[in-house]
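Please open the model in your viewer and keep the selection tool at hand. The stops below lead from a single residue outward to its surroundings.

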Amino acid sequence: VILIGIGVISLYAQYPIKTDAVDIKEHLEDWENRFDTPHTVEVKSFKQLGETGTYLASYKLDESPAMAVLEKGINNRLKIVSSGSGTSMVQYEDVTTDDGVYVVLYGVNLSEKISMIEVDLQTADYSYLVDVPKGDYFTVVNLLPATIKSPVTISFMAYDKNGKELILDE
């Protein structure tokens, strides 16, 4: 009985995050402030990737776009496994799950100039277009075909609503 209790306590210590906005924000703040550098966090979206145990939190870290990958434990709670952020207008991460490889585009679109992004995989013969949702910060997630494995390297071009190519980070 004592071993079972220790196991349950250990599991909740490893996977402490409930799937509600307040708890996710609190844990992202702890995660980002773990190196004694104060940051502000504003969660923009939270979603499960397909039918997997992998979740994605998109957030504003100070004034920069950021995202974190979370994994679900058998206690139905989450833990943060990685995060990324930066100052570029558009960034990407590839996330491998049981479903396959997802490409996550995230960024800042303060004046909503970006309407569409063309994604071109450099590691495979594959490209696609994505519509950028309205708002100052965005996240777009796409599952790649099963034949494409991680890691992936992409290039992308952004376009305005008239189809004119935009120069990013201006």
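Begin by selecting Val-69, which in this predicted model has its place in strand 3. Colour Val-69 by accessibility and ask whether it is buried or exposed. Val-69 is buried, because its relative accessible area is 7%, and the cut-off for buried is under 20%.

Next, show what surrounds this residue: leaving aside residues up to four places away in sequence, Val-69 touches Thr-54, Tyr-55, Leu-56, Lys-79, Ile-80, Val-81, Ser-82 and Val-95. Pick Tyr-55 from that list and draw a line between the two C-alpha atoms, which lie 5.9 Å apart in space although Val-69 and Tyr-55 are 14 residues apart in sequence.

Now widen the selection to the strands, where four of them form an open sheet in the order 1-2-3-4, with antiparallel pairing. Select residues 41-48 for strand 1 and 78-85 for strand 4, and you will have the two edges of the sheet; each has a single partner strand, so one side of each is left without a neighbour in the sheet. Looking along the sheet, you can follow how neighbouring strands are turned by 25° against each other on average, direction ignored.

Stay with strand 1 and add strand 2, residues 54-61, which runs antiparallel to strand 1 and is joined to it by seven bridges. To follow a bridge by residue, select Ser-45, whose bridge partner in strand 2 is Ser-58.

Finally, select residues 21-32, which make up helix 2. Helix 2 lies across strand 1, strand 2, strand 3 and strand 4, and it runs at about 115° to strand 1.

Methods:
Residues numbered from 1 in each chain as written. Predicted model: local features only at pLDDT ≥ 70, side-chain atom pairs only at ≥ 80, totals over all residues. Heavy atoms only, no water. Pairing = 2+ DSSP bridges. Helix = DSSP H or I, 4+ residues; strand = E, 2+ residues; numbered from the N terminus. Axes fitted to C-alpha atoms, helices over the stretch in contact; angles between N-to-C directions. Contact = heavy atoms within 4.5 Å. Buried < 20%, exposed > 50% of the residue type's maximum accessible area, 1.4 Å probe, protein only.
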